[in-house]
Amino acid sequence: MLKNYLKVTLNNLSKNKVNSFINITGLAIGIASCILILLYVVRELSYDNYHQELDQLHRVAILDTPDNLGQGIASISYPAAEVLTEEFPEVEQVARLGQLFDQDPAIEIDDRLFAEDRFYFADNSVFELLTIPFLKGDSETALSAPNSIVLSEETARKYFGNIDVVGKTLLVNFNNMSTDYQITGVVRNAPENTHFKYDVFASLDNIFNGLPAGFADAMKSWYMYRFWTYVKLTPGTDAQAFEAKLKHIEQKYFPPTRSNVHLFLQPVKDIHLHSNLNNEVEPNNDIRYIYIFSGIAILVLVIACINFMNLTTARSINRAREVGMRKVLGAHRSQLMSQFTIESLLVTALSVLVAFGLVELLTNVLNDLTGLQLETNYLQSAWLPIGFVFLTLIVGLLSGLYPAFFLSAFQPVKTLKGAFARSSSGAGLRKALVIAQMAITVILLVGIV
């Protein structure tokens, strides 16, 4: 029976080439648009998921306003890391990152200076807390000594042409001082889906080199919030309960003029979409945009499905006599519904294949236009292939079930006499679908404006 359904479906598609082309192409464009948007959504939702023991990783941030209702600051005071390590058994590891905000270090190579804006001074523990794989060198001691420096693979190749650079020196100009740093490691390049992209790490102690004594002391005090501080909690620690304990630091260590400070935890996995504080490591996205784009993807898919239904019901007059004749010959309504549903699913499957081709062609164009790095690696997430199968089934059923009900309900005698051609029920449905289609289009256009 299934073989017969497929033969009839292919025969109908071949007899109505123009209509079939419009149907498949229209649906493919809608599905391709939906897939491109979903690739972006999946990319944004994947930020920082590559870190090991991700649920234990948090960043400590601060509110420093009289009513604690301000935007907040992503970085905190320098000595907080030592207190977190010494006084809280729930803290397994702490790591600080720092930059001087008014200048970027410059690396001198053959009388040329290269400014590095992704140059971070860091505790060596950053390599134990965050997942930053080493290609060369020892992660346990890479930044333990002053004047130590670790390069990303891309940076090492930029300066030396290869990654066999451990033991070599780099001249770094910072705070109007030129200092020789010894390269102690090379790490894998930071992935695109991270809130913290890096090119160079240097020993944290070196951030104070060349600073006036007073300013260096101020940076090390509780008054200034210059250091991004990450903590790894011990397994099983309740993050909310631990956050409440941070009140101890606020009361014991911050000076009286900072009595309104409030420390809080941010899960690393939530930073990219849920954090918009002052002094972020780099600009983040907003979860609201993910909801908006997801809604747009659904609306575009709905428009494509309505278009498919319109075209299918518009052809209902041509199919009416076929349905009438098949009913006269003994076909049951369930068989006719199966036939039209399978036809819809086959057209949808063809449309999905065409859509994948369009996505492959358009992804690079979209990346060039937007600066994104969308990937069409559909196996990057286990649920993506399953999602595309469900997409085919859902679109096929949504766009095909009503035509299946509609066409299979024709009465043999009336359809064979041509009475259906004079019926207004099909036209009424098409008008309703067109109105819905136009309404959604207007909503999208207004949203764009």
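1. A good place to start is Trp222, which is buried at a relative accessible area of 14%. Please keep in mind throughout that this is a predicted model. Tyr253 is partly exposed, with a relative accessible area of 24%. The two are worth viewing together, since Trp222 and Tyr253 form a stacked aromatic pair, with 5.3 Å from centre to centre and 20° between the planes. Their pairing links distant parts of the chain: Trp222 sits in the loop between helix H6 (213-219) and S11, Tyr253 in the loop between H8 and strand S12 (262-267), and 31 residues separate them.

2. The loop between H8 and S12 also holds Thr257. Is Thr257 buried or exposed? With a relative accessible area of 60%, Thr257 is exposed, because the cut-off for that class is over 50%. Thr257 and Tyr223 are 34 residues apart in sequence, while their C-alpha atoms are 8.8 Å apart in space.

3. Now for the overall picture. The protein has 15 helices and 12 strands, and buried residues make up 48% of its 449 residues. Among contacts with a separation of 6 or more, 77% come from residues 24 or more positions apart. The exposed area is about 22100 Å², and carbon and sulfur atoms supply 59% of it.

4. On aromatic rings, the count comes to 18 pairs. One of them joins Tyr120 and Phe196 edge-to-face, at 5.0 Å centre to centre and 75° between the planes. Tyr120 belongs to strand S5 and Phe196 to the loop between strand S9 (177-187) and strand S10 (200-203), so this pair ties together parts that are 76 residues apart in sequence. Tyr120 counts as buried at 2% relative accessibility, and Phe196 is buried as well, with a relative accessible area of 3%. Both also belong to one aromatic cluster, made up of Tyr120, Phe127, Phe134, Phe196, Tyr198, Phe201 and Trp228.

5. Helix H3 (residues 80-87) deserves a look down its axis. Which of its residues are buried? They are Ala80, Ala81, Val83 and Leu84. These four cover an arc of only 165° around the axis, which puts them on the same side of H3. The buried residues of H3 pack against strand S1 (57-63), strand S2 (91-98), strand S11 (227-233), helix H7 (239-245) and helix H8 (247-252).

6. The structure holds 14 salt bridges. Arg96 forms one with Asp123, where the closest N and O atoms are 2.9 Å apart. Why does this bridge link separate parts of the chain? Arg96 lies in strand S2 and Asp123 in the loop between S5 and H4, so the pair ties together parts that are 27 residues apart in sequence. Arg96 counts as buried at 7% relative accessibility, and Asp123 counts as buried at 14%.

7. The loop that carries Asp123 has another residue to check: Ser125 lies between strand S5 (119-122) and helix H4 (126-129). Ser125 is buried, with a relative accessible area of 10%. Leaving aside residues up to four places away in sequence, Ser125 touches Gln93, Val94 and Ala95.

8. Another salt bridge brings together the side chains of Lys158 and Glu116, at 2.9 Å from N to O. Here too the pair links distant parts of the chain, with Lys158 in helix H5 (residues 153-160) and Glu116 in the loop between strand S4 (112-115) and S5, 42 residues apart. Lys158 counts as partly exposed at 48% relative accessibility, whereas Glu116 is buried at 3%.

9. Helix H8 has a salt bridge within it: the side chains of Lys247 and Glu250 meet at 3.5 Å, N to O. Both lie in H8, 3 residues apart, or about one turn of the helix. In an α-helix there are 3.6 residues a turn, so residues three or four places apart point the same way. Lys247 counts as partly exposed at 43% relative accessibility, but Glu250 counts as buried at 8%. Elsewhere, salt bridges that share partners join Glu53, Glu92 and Lys232 into one network.

10. Finally, a word on the surface. Ile386, Val389, Phe390, Leu393, Ile394, Leu397 and Leu398 form a nonpolar patch there, with about 650 Å² of accessible area together. Of these, Phe390 is placed in helix H13 (residues 383-408).

Note on methods: Residues numbered from 1 in each chain as written. Predicted model: local features only at pLDDT ≥ 70, side-chain atom pairs only at ≥ 80, totals over all residues. Heavy atoms only, no water. Helix = DSSP H or I, 4+ residues; strand = E, 2+ residues; numbered from the N terminus. Buried < 20%, exposed > 50% of the residue type's maximum accessible area, 1.4 Å probe, protein only. Contact = heavy atoms within 4.5 Å. Arc of directions from axis to C-beta. Areas by Shrake-Rupley, 256 points an atom, 1.4 Å probe, with all protein chains shown as cover. Patch = residues over 30% accessible without salt bridge, like charges linked within 9 Å, V, L, I, M, F, W, Y side chains within 5 Å. Salt bridge = Lys/Arg side-chain N within 4 Å of Asp/Glu carboxyl O. Phe/Tyr/Trp six-rings, centres within 6.5 Å; stacked < 30°, edge-to-face > 60°.
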